[in-house]
Structures are given as structure tokens and as C-alpha cells.
Amino acid sequence: MNGVIESFLVIGAVVAIGYLAGRTRLLGAAATEVLARAAFFIASPALLFVTLMRAELSTVLSSALVVTAVTSSVACLLYVPFGLLRRRPTAETTVGAMASGYVNAGNLGIPIATYALGDASKIAPVLLFQLAVLTPLFTTALDILAERARGEKPRLLRSITVPLRNPIALATAAGLIASGTGYVPPEPVLAPIELLADLAVPAMLLAFGISLHGAPRPGRSPAGMPALAAIVVIKNVVQPLMAVLMGVLFQLRGTELLAAVICAALPTAQNVFGYAVRFEQGATLAREAVLTTSLLSFPAMLAIVALVT
């Protein structure tokens with residue numbers, strides 16, 4: 001479990017630096033929005049392209065991918081009836097659904113897979129499904145809903161072509177094509193892309209840390225404590241337990257089962273907060289979900305790991 005602890009400490013340190021920057025107003029009043037937009041439009045697409053380009057799809061398309069796809073999708077869908085029953089705005093419900101099943105596979109999952117499981121590729125199925133399916137799906141939906149919130153009536157052609165104007169979706173498609181064809185850009189082209197990719201995670205973490213300064217205690221968002229509680233239960237309890245059941249169903253054993261369970265037990269990704277800020281939809285709920293599930297994920301992860309070992 002040393003890898004799990006080290007990963008949480010690294011992330012906590014960067015978030016703490018962001019908090020101090022917010023407290024001292026070091027980066028100005030618009031720092032959170034600027035960092036989030038830079039991550040969304042520039043750094044995250046670069047990271048998605050580089051990650052998917054290097055993924056070996058033949059090794060990723062396995063039982064672990066099915067477990068990830070089912071548990072993540074069900075976790076996201078479980079929040080939807082809650083938002084509908086409470087008559088919350090559609091965009092906020094979309095953010096809540098994403099927060100319930102979109103795990104921190106990048107900046108927490110990769111180091112945990114490396115240190116705790118001894119193989120960073122164990123996180124590849126989660127990254128592939130989230131980057132290729134969940135990210136384009138949710139960002140496209142938020143893009144359309146943001147237009148409606150601004151009073152713009154989405155036209156049919158514009159709605160259909162949203163993915164073609166979404167940098168996340170475009171980078172995902174480009175990465176998958178490059179991986180499938182074996183294409184690797186020449187070094188002068190790839191080097192700056194890799195450099196920009198390195199900005200994605202710290203930019204998201206710093207933006208999240210800055211946003212914590214002056215933020216009310218969790219549960220004070222317009223959605224209220226019930227919404228946050230629903231996300232926490234789904235993310236920290238239901239999704240990991242579903243992974244255990246799915247792993248047993250697919251006869252996963254040893255490290256394979258442990259990897260599937262640990263991946264499902266990861267907290268809500270900071271990306272969710274970044275996307276919420278970018279589209280100005282449900283940002284407070286996203287921040288509270290990231291913070292609360294992250295604080296609770298460590299004991300939850302230890303309990304789930306003890307269950308399967």
C-alpha cells in the first residue's frame with residue numbers, strides 16, 4: 001500500500017500549493033478559470049493524444065475493459081434518477097453523473113498502478129474507456145447544455161457536429177487512429193505535444209487547489225448535501241463493490257482482480273471539476289465531489305483491497 005499512500009501525498013502537495021496560491025492571490029482573481037481553460041483546450045487534448053497513441057489496444061481490449069465499462073457506466077447512470085427526482089438542472093445532473101463514475105485514473109491511477117501493482121499498464125483499460133467514451137460523451141453534452149443556458153437555441157447540424165468542435169473528442173479520435181495505425185509523429189512535432197501534455201495534470205490540480213480557498217464546506221452547493229452524499233455513496237462504495245462482483249463473474253484472479261477493484265475505488269477525477277468550470281455548469285458540486293471522494297477514497301480503497309486479498 002506504499003504506492004497508494006505516496007500517490008495521495010503527491011496529489012495533496014500540488015493541491016496545497018494551489019490553495020496557497022489562491023490564498024495569497026498570487027495568480028490573480030481569474031486563475032482558476034484560466035488554468036482550467038488552458039487544461040481543457042490545450043494540455044488535456046495533448047495528454048489524451050499521447051496516452052492513446054501509445055496504448056496497445058490489443059492488450060487493453062480484455063475482460064478488465066468490460067469490467068471498467070460496466071462499472072463506470074452504471075455508476076454514472078445511478079446518479080441520474082436522483083437528479084431527476086430532485087428536479088435539479090439538467091447540466092448539474094450531468095456533472096453529478098460524471099462525478100459518480102469518472103475516476104481519477106490519470107494523476108492518481110497511474111502512480112498507484114506503478115507503485116502498488118508494479119505495472120502502469122493495468123490502468124490502461126480505465127484510461128481508454130474514459131478517454132474514448134466518457135470524456136467525449138460528457139463534454140459534448142455539457143457543450144450543448146451550456147449553449148442552451150446562454151439562451152442560444154442549438155441547431156440540429158450544430159448539435160450533431162459538436163464532437164468535431166470539441167478538442168477533447170478530436171484528440172481522442174486522433175490518438176485512437178494513431179494507435180490503430182501505428183503512426184508516430186516525427187520528433188519535432190511530438191516533442192511540443194508531449195511538453196503540453198505534461199501541463200494537464202498540474203494545471204487541473206492547481207486550479208482545484210485555488211478554488212478551495214474561500215470555498216464553503218462540502219454540502220453547501222445549490223445541489224445540497226443529499227446530492228453530494230449520493231455521489232460519495234456511488235463512487236466510494238457502490239462502484240468498487242460492483243468491480244468485485246464483475247471481477248468474480250469474469251473469473252479475474254490475483255493482480256488482475258486487484259487492479260480492477262483499485263481502479264474502481266479511485267476518487268472522482270479533477271478533470272470533472274475542470275470540465276464543469278470550462279462549461280460553467282455545476283462547478284461547486286464537482287469541486288465538493290472531488291474533495292470529498294478523495295478524502296474518503298483512501299480508507300475505502302484499503303477496505304476493498306482487504307476484501308479481495
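## Exercises on a predicted all-helix model

At 0% relative accessibility, Ala-36 counts as buried. The model is predicted. Ala-36 is the starting point for the exercises.

**Exercise 1. Place Ala-36 in the fold and list what it touches.**

Step 1. Find the element. Ala-36 sits in helix α2.

Step 2. Collect the contacts. Leaving out residues up to four places away in sequence, Ala-36 touches Ala-207, Gly-274 and Val-277.

Step 3. Check a C-alpha distance. Ala-36 and Phe-208 are 172 residues apart along the chain, yet their C-alpha atoms are separated by 8.7 Å.

Step 4. Set this against the whole chain. Among contacts with a separation of 6 or more, 84% join residues 24 or more positions apart.

**Exercise 2. Describe the chain: how many helices and strands are there, and what percentage of residues is buried?**

Step 1. Count elements. The chain has 14 helices and zero strands.

Step 2. Count burial. Of the 309 residues, 52% are buried.

**Exercise 3. Classify the packing of α2 against α13.**

Step 1. Take the geometry. Helix α2 (residues 31–54) and α13 pack at about 105°, with axes 9 Å apart.

Step 2. Apply the cut-off. Angles of 65 to 115 degrees count as roughly perpendicular. The two helices are therefore roughly perpendicular to each other.

Step 3. Name the residues. From α2 come Thr-32, Glu-33, Ala-36, Arg-37, Phe-40 and Phe-41; from α13 come Phe-273, Gly-274, Tyr-275, Val-277, Arg-278 and Phe-279.

Step 4. Sort by class. The α2–α13 contact holds seven nonpolar, two polar and three charged residues.

**Exercise 4. Repeat the analysis for α12 and α14.**

Step 1. Take the geometry. The axes of α12 (residues 254–265) and α14 (residues 283–308) come within 9 Å and cross at roughly 160°.

Step 2. Apply the cut-off. Over 145 degrees counts as roughly antiparallel, so α12 and α14 are roughly antiparallel to each other. Their crossing is right-handed.

Step 3. Name the residues. Leu-257, Leu-258, Val-261, Ile-262 and Ala-265 of α12 meet Ser-297, Met-301, Ile-304, Val-305 and Val-308 of α14.

Step 4. Sort by class. This α12–α14 contact has nine nonpolar, one polar and no charged residues.

**Exercise 5. Which residues have the most contacts inside the largest nonpolar core, and which helix supplies the largest share of that core?**

Step 1. Size the core. The largest one has 66 residues. Those with the most contacts inside it are Tyr-79, Tyr-102, Ile-123, Leu-266, Val-272, Tyr-275 and Met-301.

Step 2. Find the main contributor. Helix α7 (residues 124–149) gives the largest share, nine residues.

Step 3. Look for another core. A second, separate one has 10 residues, including Val-67, Val-244, Met-246 and Ala-264.

Step 4. Inspect Tyr-102. Beyond four places in sequence, its contacts include Cys-76, Gln-130, Leu-131, Pro-267, Val-272 and Tyr-275.

**Exercise 6. Is Gln-281 buried or exposed, and what does it contact?**

Step 1. Locate it. Gln-281 lies in the loop between α13 (270–279) and α14.

Step 2. Apply the cut-off. Buried means under 20% relative accessible area. Gln-281 has 13%, so Gln-281 is buried.

Step 3. List the partners. Setting aside neighbours within four places in sequence, Gln-281 contacts Ala-91, Val-95, Leu-142, Leu-145, Ala-146, Ala-149 and Ala-276.

Notes: Residues are numbered from 1 along each chain as its sequence is written. This is a predicted model: local features need pLDDT of at least 70, side-chain atom pairs count only at pLDDT 80 or more; totals for chains, interfaces and linings use all residues. Side-chain values use heavy atoms; hydrogens and water are left out. Axes are lines fitted to C-alpha atoms, for helices over the stretch in contact, and angles run from 0 to 180 degrees between N-to-C directions. Helices (H or I, at least four residues) and strands (E, at least two) are DSSP runs, numbered from the N terminus. Angles under 35 degrees count as roughly parallel, over 145 as roughly antiparallel, 65 to 115 as roughly perpendicular and the rest as oblique. A crossing is left-handed if the near helix is turned anticlockwise from the far one by less than a right angle, and right-handed if clockwise. Contact means heavy atoms within 4.5 Å. Ala, Val, Leu, Ile, Met, Phe, Trp, Tyr, Cys and Pro count as nonpolar, Asp, Glu, Lys and Arg as charged, and the others, Gly among them, as polar. A nonpolar core is a set of buried Ala, Val, Leu, Ile, Met, Phe, Trp, Tyr and Cys residues joined through side-chain atoms within 4.5 Å. Buried means under 20% relative accessible area, exposed over 50%, partly exposed in between (1.4 Å probe, protein chains only).
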